[in-house]
Amino acid sequence: HAKSKGRNTFEFFSQAINRGVRERLEIENGLRDALKHGAFRLHYQPQVDLATGSIRSVEALLRWRHPVLGVITPDRFIPIAEETKLILPLGLWVLDRACHQLRTWRNDGIAGIRMAINVSVKQLQDEAFFEALGSIVERHGLSGSDIELEITESAIMENLSRVQAILKSLRDYGITLSIDDFGTGYSSLGRLKLLPIQSLKIDRSFVRDIETDQGNAKICDGIIALGHSLGLKIIAEGVETAAQKVRLQDAGCDAIQGFLIAKPLPADEAAKLISRVNAIT
Ligand code: C2E
Ligand code: MG
Ligand code: MG
Ligand code: MG
C-alpha cells in the first residue's frame, strides 16, 4: 500500500513538473509571437500625493493576453523575458507605448502628471538603452522630466557597480528614479547614499498588515524616516484600506498607490479617474 502511495505521489509530482516545464516553454515561445502580434497591453495605476490629494503620476503595468493560458501576470513572464533577452525589445515597446499614452493624454488636456515605468536591470545594462530611451521620449515630444523609472531594490543592490553610471546619465537627463519593492533588498544607508535616486516605494508586504503587525508598522516608519533623512520621497504601494492610508499619512508618507485609489486600469478609465480627481483637488 505504502509503495503504491509513493508511486502515486511520484507520478503526481512528475506530472506537475511536466506541466510546469510545458507552461514555461509555452510562455517562452509565446513571448516572441506576442510582441510581433500585439498581444501586450499597458494598464495604468495612479499614485496619489497625500499632501494635496492629487494624482501626480501613473505607473504603467504590463498585461499579456495569451491565446491558450489566458491573461498572464508580469511576475510569471518578466523573469523569462529577462533570461531570454526578450526583455530588451519588450522593454522598448513598453517605453514607447507609455510615452505615446502620456502624449495622448496631454493632447487631451490632461496635464501635470508623470509616467512611471518599470525597468529591468537587464535593460539598464544594455549599452543601447540610454539612446533608445532618449529617442523614444523625444519622438513623442516629451522630456526626461516627464518620466519616472522604477527599478527593484534587489536588482540595483546586486548590480550596484554595473548600474551606477547609467543611473547617473538617466538622472542627468532629468528622469526621476525610484527604488521599487523597497525593504526587501538589503540596502544599507551607505549604498543608498551613493545612488542618484529621488524616491523609495515601500514594498506592499510591509503595508499589508501595517495595522496588525507592530514589526511591519515599525519597518514602514523606519523607511520613511530613513528616506526623508536622505531627501527622498516615500511612496507606499499596495494600499488597500482607508486605515492603512491614515496610518501611513500619520507616519509622514508622501504618496500612496493601491486598490484603495484604483486597480491598474485601461488607459481610457485611467484618464477619467485622473480628470475627476485632479479637477477636485
Ligand atoms: P511592481 O512594480 O511592484 O508593481 C506593483 C504590483 O502590485 C502590480 O502587480 C500591481 O498590480 C499590484 N498592486 C497594486 N496595488 C495593489 C494593491 O492594493 N493590492 C495588491 N494585492 N496588489 C496591488 P503586477 O501588475 O502584477 O506587476 C508585478 C510586477 O511585475 C511589478 O511589480 C513589476 O516589478 C513587474 N512589471 C510590471 N510591468 C512591467 C514592465 O513593463 N517592465 C518590467 N521590467 N517589469 C514590469
Ligand atoms: Mg513598480
Ligand atoms: Mg513594487
Ligand atoms: Mg514588485
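## Terms and basis

Donors to a metal are N, O and S atoms within 2.8 Å of it (3.2 Å for Na, K and Ca), and because water is not among the atoms, sites may look incomplete. This is a predicted model, in which local features need pLDDT of at least 70 and side-chain atom pairs count only at pLDDT 80 or more, while totals for chains, interfaces and linings use all residues. Residues are numbered from 1 along each chain as its sequence is written, chains are lettered from A and ligands numbered from 1 in the order in which they are written, and side-chain values use heavy atoms, with hydrogens and water left out.

## The two magnesium ions

D180 bridges the magnesium ion (ligand 3) and the magnesium ion (ligand 2), which lie 4.4 Å apart. For ligand 3, the protein donors are D180 (OD), D181 (OD) and, entered twice, E237 (OE), at 2.0 to 2.3 Å, with the spacing D-D-x55-E along the chain. Distant parts of the chain are linked here, since D181 belongs to strand β6 and E237 to the loop between β8 (233–236) and α11 (242–250), 56 residues apart; helices (H or I, at least four residues) and strands (E, at least two) are DSSP runs, numbered from the N terminus.

The magnesium ion (ligand 2) is coordinated by E59 (OE), N118 (OD1), E150 (OE) and D180 (OD), at 2.0 to 2.3 Å. E59 lies in strand β2 and E150 in strand β5 (residues 147–152), so this pair ties together parts that are 91 residues apart in sequence.

## Contacts of ligand 1

Around ligand 1 there are 23 residues, of which R63, D180, R204, E240 and F259 come nearest; a residue counts as near when one of its heavy atoms lies within 4 Å. Polar contacts are pairs of N or O atoms within 3.5 Å. A polar side-chain atom of Q45 is 3.0 Å from a nitrogen atom of the ligand, whereas an N or O atom in the side chain of D180 lies 2.8 Å from a ligand oxygen atom.

## The shell around ligand 1

By class, the shell holds nine nonpolar, five polar and nine charged residues, where Ala, Val, Leu, Ile, Met, Phe, Trp, Tyr, Cys and Pro count as nonpolar, Asp, Glu, Lys and Arg as charged, and the others, Gly among them, as polar. At least two residues each come from β2 (55–66), α2 (74–83) and β6 (176–182), and β2 gives the most, with four residues.

Conventions:
A polar contact is a pair of N or O atoms within 3.5 Å; within protein, one must be able to donate a hydrogen and the other to accept it, and residues adjacent in sequence count only if both atoms are side-chain atoms.
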